[in-house]
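Welcome, and please have a look at the structure below. A short tour of some of its features comes right after it.

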Amino acid sequence: MAHNPVDSFIETYVQALQDQSAALFAGAGLSIPAGLVDWKGLLKNIARDVGLDVKKEEDLITVAQFHVNERRSRHQINQALIQEFATRAKLTNNHKVLASLPIHTYWTTNYDTLIEESLRQAGKTPDVKITVENLATTMPRRDAVIYKMHGDVSQPDRAVVTKDDYESYATTRHLFSMALQGDLVSKTFLFIGFSFNDPNLSYILSRIRLLLGENRRDHYCLLRKVHREDFKTVADFRYAEARQQLQVSDLKRYGIIGLLVDEYKEYTQVLQRIAHRYKMARVFVSGSAAEYTPWEEPKAHELIQELSRRLVAAGFGVVSGFGEGVGPYVVNGVLAQLEHDGTQVLDDRIVLRPFPIATADPAPRKRRWKAYRQDMLAHAGVAVFLFGNKRNASGSIVPADGMEEEFEIATTKRVAIIPVGCTGSVAASLHKRVLNHFGNYFPASGYKRLFQGLNKKGTVRQVSARVVALIEKLRDDRGIQGS
């Protein structure tokens, strides 16, 4: 089977996400689809003002310098930055997917605020570093750091735009270079939104090489292939195609692997595959039990604990709402495996979202609980359903309607559905429902026998092994239900 560099990158980057060592470096191409200009658009009027045609220019940093030289001021450049980047732009799908991922380190040469806006919209707190002074402070409870190495539209007079700015960078913004050096050594970067015509790229690449020498790890850069329709003549296309291949090879000198895709829309597809692949390593355990028929209570507790332990041992993280009769044993299983692994670090192993129970009014409580369920399932690619009953106000055992709601939410979010039918109650009815419409839930082949096995009685070891085997197949098949 042919080696696919994009597939290999996705595997590597997902692992970096799980290890909390993934980073992103964003160029202008990330913001252009949001309605913002590229460098030529930014400097079009600036170039015209000194008698140049921006379409004929490649070294746009020098164009900006020419304007400062002639006008003895950068006021017009500052005004162009404000005019072009202070306008409200619409977040793109790429911004939203990236913000959903646990990327804690962003670097960008962009002056706009789209990355920080996307993170805030995702409920995260960005710590934005615009100036050298910002590097000395830390925002409490931050979720991500954004290094704006060339400044921000809010401070146009300090933005890195001209040749003078770039040549003095090592003096005026030296600490940014040091921080970048550390991240390039310790993290796996995805460069996105750069082209070989981007005036920032050559400066950044030379800086990387000088900073790191031979102490490099692999980084990745998404690039669109040149196409025949991009050029007036076949000869021009052939020339550009050959030059692009040489440039991709040259990136290796900087420890950057170029990933060529046919169209820009494939950037989004790659990011979505990363997001889905990452979520497939998180399993939401849905369950509540006032009683455990057809299991004896001690064995039921053992089953929940053993299943949770096996999931963590297999490399999965667990998401739990701490449901009655189930949640405590999920936590016990996770902790048992962590103790076996010699660690007590919970960050990437378990996400707990205990339901707020102090809301007396049923209507607000129902809305709030639904929001909690949606939030929990946003963190997972697989949902396991166990038991599913509760005691009503009169003391009778009834089906757990919360589990039904979690099933519906999981289905809507295209989370893989795993009801363990042999645990009875709602889990049994959900198993039957899925089996009756199996192709809707498992469109790929090779899953039905494993799924049917979830309804068979067995020992704690047998049942937990069947569940984990099915989930591992889903993960190892690259999350076939949602990719």
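What follows walks through the sheet, an enclosed pair of strands, the open and closed spaces, and the salt bridges. Please keep in mind that this is a predicted model.

## The seven-stranded sheet

Let us start with the sheet. It is an open one built from 7 strands, which run in the order β3-β4-β2-β1-β5-β6-β7 with parallel pairing. At its edges stand β3 (126–129) and β7 (256–261); each has a single partner strand, so one side of each is left without a neighbour in the sheet. On average, neighbouring strands of this sheet are turned by 20 degrees against each other, direction ignored.

The edge strand β3 is a good place to zoom in. β3 and β4 are joined by 4 bridges in the parallel sense. If you would like one pair to find on screen, take Asp-127, whose bridge partner in β4 is Val-145.

Another residue to look up is Trp-107, which belongs to strand β2 (residues 105–108). Trp-107 has a relative accessible area of 0%, so it counts as buried. Its C-alpha lies 4.6 Å from that of Phe-25, although 82 residues separate Trp-107 and Phe-25 in sequence.

## An enclosed strand, β8

How many residues of strand β8 (residues 282–288) are buried? The count is 7 of the 7, so β8 is largely enclosed by the rest of the structure. The cover extends to both faces: Arg-282, Phe-284, Ser-286 and Ser-288 are buried on one side, and Val-283, Val-285 and Gly-287 are buried on the other.

β8 also has a pairing to show. With strand β9 (residues 317–320) it makes 4 bridges in the parallel sense. Within this pairing, Phe-284 stands opposite Val-319 in β9.

## The largest pocket

Now for the open space. The volume of the largest pocket is about 1400 Å³. Its lining is made up of 41 residues, and those closest to the pocket centre are Ser-100, Leu-101, Lys-124, Ala-378 and His-379.

Which elements give two or more residues to this lining? They are α1 (5–18), α5 (93–100), α6, α12 (265–279) and α15 (362–378). The most comes from α12, with 7 residues. By class, the lining of the largest pocket holds 15 nonpolar, 14 polar and 12 charged residues.

## Closed cavities

Searching the whole structure turns up 2 cavities of 30 Å³ or more. The largest cavity encloses about 90 Å³ of space. There are 12 residues around the largest cavity, with Ala-28, Val-37, Trp-39, Phe-85 and Asn-110 the closest to its centre. The lining of the largest cavity divides into 6 nonpolar, 4 polar and 2 charged residues.

## Salt bridges

The model has 26 salt bridges. Here are some to visit, beginning with the one between the side chains of Glu-116 and Lys-148, where N and O are 3.0 Å apart. This pair links distant parts of the chain: Glu-116 sits in helix α6 (residues 114–121) and Lys-148 in strand β4 (residues 144–148), with the two positions 32 residues apart in sequence. Glu-116 and Lys-148 are both buried.

A second salt bridge joins Arg-224 and Asp-230, and here the closest N and O atoms are 3.0 Å apart. Are its two partners buried or exposed? Arg-224 counts as buried because its relative accessibility of 17% falls under the 20% limit. Asp-230, in contrast, has a relative accessible area of 37% and is partly exposed.

A third salt bridge connects the side chains of Glu-302 and Lys-299, at 3.5 Å from N to O. Glu-302 and Lys-299 are 3 residues apart in helix α13 (residues 297–313), so about one helical turn separates them. Glu-302 is partly exposed at 39% relative accessibility, and Lys-299 is partly exposed at 41%. To finish, return to the buried pair: salt bridges that share partners bring Glu-116, Lys-148 and Asp-152 together in one network.

Technical notes
Residues are numbered from 1 along each chain as its sequence is written. This is a predicted model: local features need pLDDT of at least 70, side-chain atom pairs count only at pLDDT 80 or more; totals for chains, interfaces and linings use all residues. Side-chain values use heavy atoms; hydrogens and water are left out. A salt bridge is a side-chain nitrogen of Lys or Arg within 4 Å of a carboxyl oxygen of Asp or Glu. Buried means under 20% relative accessible area, exposed over 50%, partly exposed in between (1.4 Å probe, protein chains only). On a 1 Å grid over the protein atoms alone, a cavity is a set of points where a 1.4 Å probe fits but cannot get out, and a pocket is an open set with protein on both sides within 12 Å along at least five of seven lines; lining residues have an atom within 4 Å of a point. Grid points are joined across faces, edges and corners, and a volume is the space filled by probe spheres set on the points. Ala, Val, Leu, Ile, Met, Phe, Trp, Tyr, Cys and Pro count as nonpolar, Asp, Glu, Lys and Arg as charged, and the others, Gly among them, as polar. Two strands pair if DSSP finds at least two bridges between them. Axes are lines fitted to C-alpha atoms, for helices over the stretch in contact, and angles run from 0 to 180 degrees between N-to-C directions.
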